[in-house]
Every structure is written in C-alpha cells, then in structure tokens.
Amino acid sequence: MRREAANANRNAKSWLFSVPLALQAEARLNGAVRVASTAFQSRHAKSTIAQRNVARVDFDQIHDRQQFGSVKWANQWDEFSPRVEGEDLLSLWTADMDFRAPEAVIARLREAADHGIYGYTRRDPRHYEIVQSWFARRHNWSPVLETPLPAPAIMPSVAAILRTFTKPGDGVIVQSPVYSPHFEVIQGNGRVLLTNRLRLQNNEYELDLEDFERLAASGAKAFLLCNPHNPAGRAWTQEELGALNDICERYGILVISDDIHCDIRLSDRPHIVFSCISDDAGESRSSARLRRRPST
C-alpha cells in the first residue's frame, strides 16, 4: 500500500476497480500481454485474430470440471459449508463460466508451466497501456497511465480505501440488493452500513435519489457504487450517475466505483465510467476534503 500512500495528495474523488475478463490472465503473465499488445497495433490484425478465436470456440461442448475441484460444481462454497445434494443439479449460484479460456492464454500458460521455474515475476510495462486501450475503445474512457495500481482483488482494495479515507464509525452507503461482500467489507472494517434500497418499478430496478440524499445528509463519508449493478443488471445511465454525483459533491462524499462487470451487459446500453461523467467526478480533490484515518 506504499504506492497508494504516496499518491494520497492527488487522489481522485472516484476510485474505479475493473479488470476486464479478457485481461485477467494477461495481468498475470508477461507473455499474454505481449500477445494482446501485438493485436492492438493494427485494426485489421485485431479483427482477424478475433474472428479466428471465435471460430475455435465450441459453446456447446460440456466440460467436466469436478475432477479439478470446481467450487461451482461441487455445490458447496468450501470444505466447511454444507454440500447441496441431489441428482442432475444445474449449478447457477456463482459467477463462474464453463467456457475454455482463449487459446493464446492457454498456450502461454503451457509455455510457462513447461519452463519449470516458477519464481517471482514482474508486470510487463505495457500492461497498463493495454488496460488504457481497452477502456478507451470499449468505454470511451482513457485513464492516465500513472493512475492504475495493481491490487490483489476488488474487496481487499475497497477495504484499503475505506481504512485510508474514512474512520471507524463513519457511514458508507450501498445500494441493495447488491453483491453481499459490499456489506461485509463495510461492517468488517468497523464502518457503519447505510443501505439505500433500489426501487423495483415495472420489473426494473431504479434509483431512490430522495433516500440517497437523506443518507448523504446524515453524515455519510463514502459511497460504494456497483456499476453495472449486481444483481439488478442495470447499466446506470449518464443521467442517473450524474444525479448521484451531484449529491456526493454536495455532501463531500467519496465515491468508490466497482465496475467489474462492465464488459458483461444485458443490453446494448453503453457502460458509463463514473470518472468520466463530469470534470468534478474525475478531477483530483484536495486531500483535506477526504477524511483520512489518523496514523497509529
């Protein structure tokens, strides 16, 4: 966390956490990012590679994953939780797809395994350029190369931000129903959970901005946004995000945006990155306006 501390004086109001699915393996393997980087150099090359890879994928093939300890198909979360018993169960309870990884990723993993030496590795310097290119082309957002930071996972990163910019007892807003670790990371770090329930209208979830502002005015210090929303499936619009940002600006609330599902959407509605909805949402804020946890 030293790098986060070094950047404390130029922290953006909103923190974005998203590792697109096609980049997850690339973030771990030096060779995989080189494959992606080469593909990005030419629009024609990118199109050719994409068509060839799609042609190789058999979406109808069923793979037996139980022999490799799949949590999804074991029908239990871990060795301590009860197993769900029954025949011909269709497991739909966890975010885990049953399609094989791209051939380029599989080939690089094989190459690394065959090398036989599994020591410490460094991140390819071009990795951040690939992340920047991905978001620029797909989501019309081009983060400054110096701003992305490596992190072990989303929830540990949220926990680190909460510990840095809020104090025990501070209120943090979430919008339920939502991914359950959003509740746990707040309460587990001694912050107060403030629940802004979404409203179900005509079979679609909508924001309750009146209740959101009530919670903001009660003294909330941070807002953990889920965009697109899990499990509601909403890709929040520019107008909706703008309304949330206006309230957060008014009450000086830090926005932490979890965008992990930005590349999996139920409609053609584009994903709007919170940091690019306005200059206020993306610009750096004075560290004096962010209530930081005192050093111990």
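Residues 1-13 keep a pLDDT under 50 throughout, so a word of care belongs at the start of any tour of this predicted model: where pLDDT is low, the predicted coordinates should not be read in detail. A second stretch, residues 18-50, also stays under 50. For the protein taken as a whole, the mean pLDDT is 79, and 76% of the residues reach 70 or more.

**Confidence along the chain**

- Over residues 1-13, the model has 33 contacts beyond four places in sequence.
- Residues 18-50 come with 50 contacts beyond four places in sequence.
- Contacts like these deserve a cautious eye, because coordinates in regions of low pLDDT should not be read in detail.

**The second largest pocket**

- This pocket has a volume of about 330 Å³.
- Its lining is made up of 15 residues, and those that lie nearest the centre are H229, G233, R234, I264 and L266.
- What kinds of residue form the lining of the second largest pocket? There are six nonpolar, five polar and four charged residues in the lining.

**Salt bridges**

- How many salt bridges does a search of the whole structure find? The count is 10.
- Side chains of opposite charge can pair when their charged atoms come close.
- One of the salt bridges joins the side chains of R214 and D211, at 2.6 Å from N to O.
- Another brings together the side chains of E103 and R100, with an N to O distance of 3.8 Å.
- Are E103 and R100 buried, exposed or partly exposed? E103 has 32% relative accessibility, so this residue counts as partly exposed. R100 is also partly exposed, because its relative accessible area is 47%.

**Cysteines**

- A disulfide is a covalent bond between the sulfur atoms of two cysteines.
- With sulfur atoms within 2.5 Å as the rule, the model comes out with zero disulfides.
- Is C226 buried or exposed? C226 has a relative accessibility of 4%, and therefore counts as buried.
- C276 has a relative accessible area of 34%, so this cysteine is partly exposed.

Methods:
Residues numbered from 1 in each chain as written. Predicted model: local features only at pLDDT ≥ 70, side-chain atom pairs only at ≥ 80, totals over all residues. Heavy atoms only, no water. 1 Å grid on protein atoms, 1.4 Å probe; cavity = no way out; pocket = protein on both sides within 12 Å on 5 of 7 lines; lining within 4 Å. Points joined across faces, edges and corners; volume = space filled by probe spheres on them. Nonpolar A, V, L, I, M, F, W, Y, C, P; charged D, E, K, R; others polar. pLDDT = per-residue confidence, 0-100. Contact = heavy atoms within 4.5 Å. Buried < 20%, exposed > 50% of the residue type's maximum accessible area, 1.4 Å probe, protein only. Salt bridge = Lys/Arg side-chain N within 4 Å of Asp/Glu carboxyl O.
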